[in-house]
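This report describes a predicted model. It begins with the surroundings of one residue and then turns to helices, aromatic rings and enclosed space.

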Amino acid sequence: MNNQSIHESNQWNKFLLYLMGRNIIRVAYFIFNIFFVWRTIVAYNSVFLAGLIPAFSLLGYLIIVIPEGHILDRHNRGTVFRITSFLLAFTYLILVYSDSLAIVYAVALVSSILSSVNSDAFNTILKETVKEEKIQHAVSLSQGTNAISELTGIIAGGILLYLPFEFLAITLFSLPVISIIFGLSRTLNRSGMVDKYGFRGAYRIILVLVPFLMLSLLLNGLFISLDVFGSGLIHIILHDSPFDYSLFVASFPVGLIIGSLFTGKLSSVISRTGTISILLVPLGMVILLIAISRIIYVDIALGIVLGMIVILVNIGLQTIFMKAIPDGVMGRVNSLVTIFSIGGSPLMAAAFSILSNYFYFPYIMAAAGICAVAVSLPAFSILKNLPEKVAGISRIIEKEGEARINEQASG
């Protein structure tokens, strides 16, 4: 094995370690949400109050998303990963002293900020450490283990509902501490590096992505209806137990895991924009069927199917994005993209929660599914030639940046 092969192997192992650390943080995130969403719906019998937990969680990311992009492009991404894990442990520790609804909302907000920065630090480390020809494999591995960590968090959250509260507090504190151990590998120190892009370059790339971003905003906003209304569907409509709720929520990551098993064989297909557009039709239909179904096991089966569809869409979109965006501007572009991709979620979560006070909430879910089907029609034209456009503007910005730097150096 030559030096180049050894270096590539070391970089890949570094990626795997950070991947494990990131997934441990995700387990804690889902434990928190499953536990407190269910406890709130049971204590208050209110979809509105329970729906505010995912709303606050998603809102947290929007607070930090712009400054974190600059931090991840100009500072050591591994250090950011470790600091956020450390702060997250002590944020969850607050629950030992108080678990009032106001404190739960506050912890949801702060832990979301820290978890999101931690996750984005990992995404930029992926771009930094993985060679381009292995990006789709890395993305598939990331998406598949995303599902495993989500499923683990959901199952653990369901189990912890039956145990004394102290077990939850200890678990939520311990997991981020363990994550730090997996995030000790060295990453690039960017504080002294020359920036070829600047925020102006990032915004120019974003302008090319605007139609795609609006599509993502709408789809993610519609999809959040499952998070907002899932607990109400199981508890209020079906009158089922926390165990059944855990099974229903777990069905989605089970589908993600099953779908990830086929991504290798479908790698040449799922990164096509036409495939992504077509998959939006069954995605919306499944949400509609969940809304009108009144059989828990049918809902669980539909959740699995939904997960299988979503992971194919996610891997295709993220692979295109990772390959097109240069490493030096990944943090800033990723942060701006995320504003649109999840920006609709807290607004829609709040809107869905408020609408549930006036309309029968399964009807709201059904409307969300119909909208998802409708947007599949313009999706193809939006996604067509998008990778080439992004790659083209990125090359232009990089050349302009190099010329500007050379001019400043000669002057």
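## Surroundings of Thr 40

When neighbours within four places in sequence are set aside, the contacts of Thr 40 are Asn 45, Leu 49, Ala 50, Ile 53 and Leu 101. Thr 40 belongs to helix H1. With a relative accessibility of 4%, Thr 40 counts as buried, because the category covers values under 20%.

## Overall architecture

The protein chain contains 16 helices and zero strands. Of its 411 residues, 56% are buried. Contacts between residues at least 6 apart in sequence are dominated by long separations: 89% of them join residues at least 24 apart.

## Two helices in detail

Helix H5 covers residues 135-160, and its 26 residues should span 38 Å at 1.5 Å a residue. The end C-alpha atoms of H5 lie 36 Å apart, which agrees with that expectation. Burial is extensive here: 19 of the 26 residues of H5 are buried, so the helix is largely enclosed by the rest of the structure.

Helix H14 (residues 361-374) has 14 residues, for which the expected span at 1.5 Å a residue is 20 Å. Its end C-alpha atoms are 20 Å apart, in agreement with that figure. The buried residues of H14 are Phe 361, Pro 362, Ile 364, Met 365, Ala 366, Ala 368, Gly 369 and Ala 372.

## Aromatic pairs

Eleven aromatic pairs are found in a search of the whole structure. One of them joins Tyr 18 and Phe 81 in an edge-to-face arrangement, with 5.1 Å from centre to centre and 90° between the planes. This pair links distant parts of the chain, since Tyr 18 lies in helix H1 (residues 3-44) and Phe 81 in helix H3 (residues 77-93), 63 residues apart. Both Tyr 18 and Phe 81 are buried.

The rings of Phe 86 and Phe 90 also pair, with centres 5.0 Å apart and planes at 55°, so this pair is tilted. Phe 86 and Phe 90 both lie in helix H3, where a separation of four residues corresponds to about one turn. An α-helix has 3.6 residues a turn, so residues three or four places apart point the same way. Phe 86 is partly exposed, at a relative accessible area of 46%, and Phe 90 is likewise partly exposed, at 41%. Elsewhere, a single aromatic cluster is formed by Phe 32, Phe 35, Phe 36, Tyr 92 and Phe 165.

## Enclosed space

Rolling a probe the size of a water molecule over the atoms shows where empty space is left. In this model, a search of the whole structure finds two cavities of 30 Å³ or more. The second largest cavity holds about 100 Å³ of space.

What is the make-up, by class, of the lining of the second largest cavity? The lining has eleven nonpolar residues, with no polar and no charged residues. Among these eleven lining residues, Leu 209, Leu 317, Ile 320, Phe 321 and Leu 386 lie nearest the centre of the cavity. Three helices, H7 (198-223), H12 (296-324) and H16 (386-410), each supply at least two residues of the lining. H12 gives the most to this lining, with four residues.

Terms used
Residues are numbered from 1 along each chain as its sequence is written. This is a predicted model: local features need pLDDT of at least 70, side-chain atom pairs count only at pLDDT 80 or more; totals for chains, interfaces and linings use all residues. Side-chain values use heavy atoms; hydrogens and water are left out. Rings of Phe, Tyr and Trp (its six-membered ring) pair if their centres lie within 6.5 Å; planes under 30 degrees apart count as stacked, over 60 as edge-to-face and the rest as tilted. Buried means under 20% relative accessible area, exposed over 50%, partly exposed in between (1.4 Å probe, protein chains only). On a 1 Å grid over the protein atoms alone, a cavity is a set of points where a 1.4 Å probe fits but cannot get out, and a pocket is an open set with protein on both sides within 12 Å along at least five of seven lines; lining residues have an atom within 4 Å of a point. Grid points are joined across faces, edges and corners, and a volume is the space filled by probe spheres set on the points. Ala, Val, Leu, Ile, Met, Phe, Trp, Tyr, Cys and Pro count as nonpolar, Asp, Glu, Lys and Arg as charged, and the others, Gly among them, as polar. The expected span of a helix is 1.5 Å times one less than its number of residues. Contact means heavy atoms within 4.5 Å.
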